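Reader: Please take a close look at the salt bridges in this model, and set them against the rest of the chain. I would like one connected account rather than a list.

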Amino acid sequence: MAKLGKALAAIVVILLVVAAAAEFGLRWYIGDKLETSVRAQSTVEITEDPSIAFGSTPLLFSLVTHTVPTVDLSVPSTLNITPDDPAPAIAGAPAADVSLTDLDISNPNVLSAAHMTVRVELPDEFLLATIQQQMAANPPSTGSALGDALLKQFVRISNLTSTATSGTVDVEFTDGAATLGLEPRVEAGRLTFRATNAQLLGFEVPQEIVDAISESLADAARDAAGQMNVDKLEVKDGLIELTVSQDNPQFRTQ
């Protein structure tokens, strides 16, 4: 009887070891597939490994269901902004926290999820560089060469500050000569900006400039969010935090 008990105990230990090894192997396998997809989608080299978590539910059940209930990824920032003329150069993307629901692993080459939520932070330096790029590529026009020359000289965007207490993004012109306050809003799943004040040397900032800056910021947000639906925004000191989502996203792993 004692020998039978020892034998059963040994079998149980072996099964636990095998189960633990299988659980570890499955987590590594799915994590490696997701990391490969993240690296493939990045336009620059990711030097820091993404963080991947699967929650408390054992993944061994996923061998039967072919579905992982939840996956959380933290993708490090690859953003790099370098000074250039006439506008800074932008490479990479801001950091993002990704949550996947019901990840289908039946096809190892293409993983798909029922739903994806992404929280992404857009730092002030990224927003500023984006506006400067857009203004350099498509400067607002007054309709005359002299007016355009004066506009370019006096309406130079020199700084940008996001402030949590006011909930606004303040765009500074010509080293503090004036400030354009913009309030970000979510409308129909898109990020828009409304001017709260627009004074330059005591005069109203031309609407063309306000529209160009607002659209530049909205474009930057759309690019960072991957054209997904904007669910929520929060203005923090030094950045705008967006929560975006998408149904049925797919992740190629090869």
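Author: A contact here means heavy atoms within 4.5 Å. By that cut-off, among contacts in the protein chain between residues at least 6 apart in sequence, 56% join residues at least 24 apart. The model is a predicted one. Its protein chain has five helices and 14 strands. Of the 254 residues in the chain, 37% are buried. The accessible surface of the chain comes to about 14,100 Å², and carbon and sulfur atoms hold 56% of that area.

Now the salt bridges. The count comes to six, with a side-chain nitrogen of Lys or Arg required to lie within 4 Å of a carboxyl oxygen of Asp or Glu. A network of salt bridges links Asp 97, Arg 119, Glu 121, Lys 236 and Glu 241. Two of the pairs that include Arg 119 can be described in detail.

One partner of Arg 119 is Asp 97, and the closest N and O atoms of this salt bridge are 2.2 Å apart. The pair joins distant parts of the chain, since Arg 119 belongs to strand β6 (residues 110-123) and Asp 97 to strand β5 (residues 96-104), with their positions 22 residues apart in sequence. Arg 119 has a relative accessibility of 31% and therefore counts as partly exposed. Asp 97 also counts as partly exposed, because its relative accessibility is 27%.

Another partner of Arg 119 is Glu 241, and here the closest N and O atoms are 3.0 Å apart. This pair too links distant parts of the chain: Arg 119 is in strand β6 and Glu 241 is in strand β13 (residues 239-247), 122 residues apart. Glu 241 has a relative accessibility of 10%, so it counts as buried; the cut-off for that class is under 20%. Arg 119 thus pairs with a buried residue in Glu 241 and with a partly exposed one in Asp 97.

Glu 183 and Arg 185 form a further salt bridge, with 3.9 Å between the closest N and O atoms. Glu 183 is partly exposed because its relative accessibility is 24%. Arg 185, at 33%, is partly exposed as well.

The strand that holds Glu 241 also holds Ser 245, which is in strand β13. Ser 245 has a relative accessible area of 11%, so it is buried. The side chain of Ser 245 makes a polar contact with the side chain of Asp 231, at 2.7 Å. Leaving out residues up to four places away in sequence, Ser 245 touches His 115, Met 116, Thr 117, Met 228, Asn 229 and Asp 231.

Strand β5, where Asp 97 lies, is also the place of Asp 102. The phi of Asp 102 is near 55 degrees, a positive value in a residue other than glycine. Most residues other than glycine have a negative phi. Asp 102 has a relative accessible area of 39% and so is partly exposed. A second positive phi, near 60 degrees, is found at His 66, again in a residue other than glycine. His 66 sits in the loop between α2 (62-65) and β2 (67-75), and its relative accessible area of 41% makes it partly exposed.

The nonpolar side of the structure completes the setting. The largest nonpolar core has 50 residues, and those with the most contacts inside it are Leu 100, Leu 103, Ile 213 and Leu 242. Helix α5 (residues 207-225) gives this core its largest share, seven residues. The core lies between domain 1 (1-120) and domain 2 (125-225), because both give residues to it. Ile 213 touches Ile 131, Met 135, Ile 157, Val 171, Phe 173, Leu 180 and Leu 182, again not counting residues up to four places away in sequence.

Taken together, Arg 119 in strand β6 pairs with Asp 97 in strand β5 and with Glu 241 in strand β13, and these residues share a salt-bridge network with Glu 121 and Lys 236.

Key
Residues numbered from 1 in each chain as written. Predicted model: local features only at pLDDT ≥ 70, side-chain atom pairs only at ≥ 80, totals over all residues. Heavy atoms only, no water. Core = buried A, V, L, I, M, F, W, Y, C linked by side-chain atoms within 4.5 Å. Buried < 20%, exposed > 50% of the residue type's maximum accessible area, 1.4 Å probe, protein only. Helix = DSSP H or I, 4+ residues; strand = E, 2+ residues; numbered from the N terminus. Domains from an automatic or database assignment. Areas by Shrake-Rupley, 256 points an atom, 1.4 Å probe, with all protein chains shown as cover. Polar contact = N/O pair within 3.5 Å; in protein donor to acceptor, adjacent residues only side chain to side chain.
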